[in-house]
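Me: Please take a close look at one part of this structure and tell me what can be said about it. I am in my first year, so explain each term when you use it.

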Amino acid sequence: AINTPSNEISHKQVFSKPQSSNIATPSFQDLHDKISSLQERLQAVENERDLIKNEHETAIRHMKQMSSQFQQLKTNYGVLKQQSREKDIKLTYIVQKERMRSKEELQRLKEGMIGILEKERKLMRMQLAKQGAPPAFKQGPPVYSKNAPVYRKDTPVRAVTVEQDAEEEEVIWI
């Protein structure tokens with residue numbers, strides 16, 4: 001049986017001769033018009049198919065281009081991320097190096113200050129000895145001023161580094 005959109009026609013109806021004269025045979029013009037109509041429909045469908053095919057190819061090209069751009073961006077992101085890690089490592093190294101340099105400089109400064117204090121103390125003792133210091137300076141408890149601290153040789157002075165770490169705090173005996 002042949003299926004058509006409007007109805008089903010059996011094989012017998014298509015290939016058999018008409019039994020009665022009631023069925024009119026289509027004229028050549030009718031058949032020609034029908035063929036022309038079907039050819040126009042076929043051409044329209046083929047044009048639509050070509051249009052869809054072109055759109056599909058354009059979409060595939062666009063998708064490939066976008067995929068390529070995505071891969072390039074992904075690669076660039078990886079490179080930038082690696083560069084960022086390297087810069088972070090360099091920065092950490094530079095900061096550690098600068099901290100070490102600062103600590104060494106601070107230690108040299110502290111040692112220099114201690115040396116200067118010791119020299120000044122010796123000079124003061126020598127000047128006091130030359131001038132004949134009063135008995136209060138020679139022996140007995142120290143004389144305290146109201147606001148100024150007085151340090152004796154056995155008085156501890158706390159020297160704290162810039163970072164104020166309890167571990168780095170040192171006691172310097174004058």
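Reply: Helices are DSSP runs of H or I with at least four residues, strands are DSSP runs of E with at least two, and both are numbered from the N terminus. The part chosen here is helix α2, residues 28-131.

This is a predicted model, in which local features need pLDDT of at least 70, side-chain atom pairs count only at pLDDT 80 or more, and totals for chains, interfaces and linings use all residues. Residues are numbered from 1 along each chain as its sequence is written, and side-chain values use heavy atoms, with hydrogens and water left out.

First, the setting. The protein chain contains 3 helices and 4 strands, which run β-β-α-α-α-β-β from the N terminus on. Buried residues (under 20% relative accessible area, where exposed is over 50% and partly exposed lies in between, with a 1.4 Å probe and protein chains only) account for 3% of its 174 residues.

Now the helix itself. Helix α2 has 104 residues. The expected span of a helix is 1.5 Å times one less than its number of residues, so α2 should span 154 Å; the C-alpha atoms at its ends are 149 Å apart, which agrees. After α2 comes G132, with a positive phi near 75 degrees.

Some side chains in α2 pair up. Side chains of opposite charge can pair when their charged atoms come close. A salt bridge is counted when a side-chain nitrogen of Lys or Arg is within 4 Å of a carboxyl oxygen of Asp or Glu; this rule gives 3 salt bridges.

E98 and R101 form one of them, with their closest N and O atoms 2.3 Å apart. These two residues are about one helical turn from each other, because they are 3 residues apart in α2. R101 also forms a salt bridge with E105, at 3.0 Å between the closest N and O atoms. R101 and E105 are 4 residues apart in α2, which is again about one turn. E98, R101 and E105 are therefore linked in a network of salt bridges. E98 has a relative accessible area of 38%, so it is partly exposed. R101, at 40%, is partly exposed, and E105, at 41%, counts as partly exposed as well.

A further salt bridge joins the side chains of R49 and D50, at 3.5 Å from N to O. R49 counts as exposed because its relative accessibility is 52%, whereas D50, at 34%, counts as partly exposed.

How far can the model be trusted here? The guide is pLDDT, the predictor's confidence in each residue, from 0 to 100. Among the elements of the chain, α2 has the highest mean pLDDT, 95, and strand β1 (residues 2-3) the lowest, 48. Over the whole chain the mean is 78, and 63% of the residues reach 70 or more. Over residues 159-166, pLDDT stays under 50. Where pLDDT is low, the predicted coordinates should not be read in detail.

Conventions: Contact means heavy atoms within 4.5 Å.
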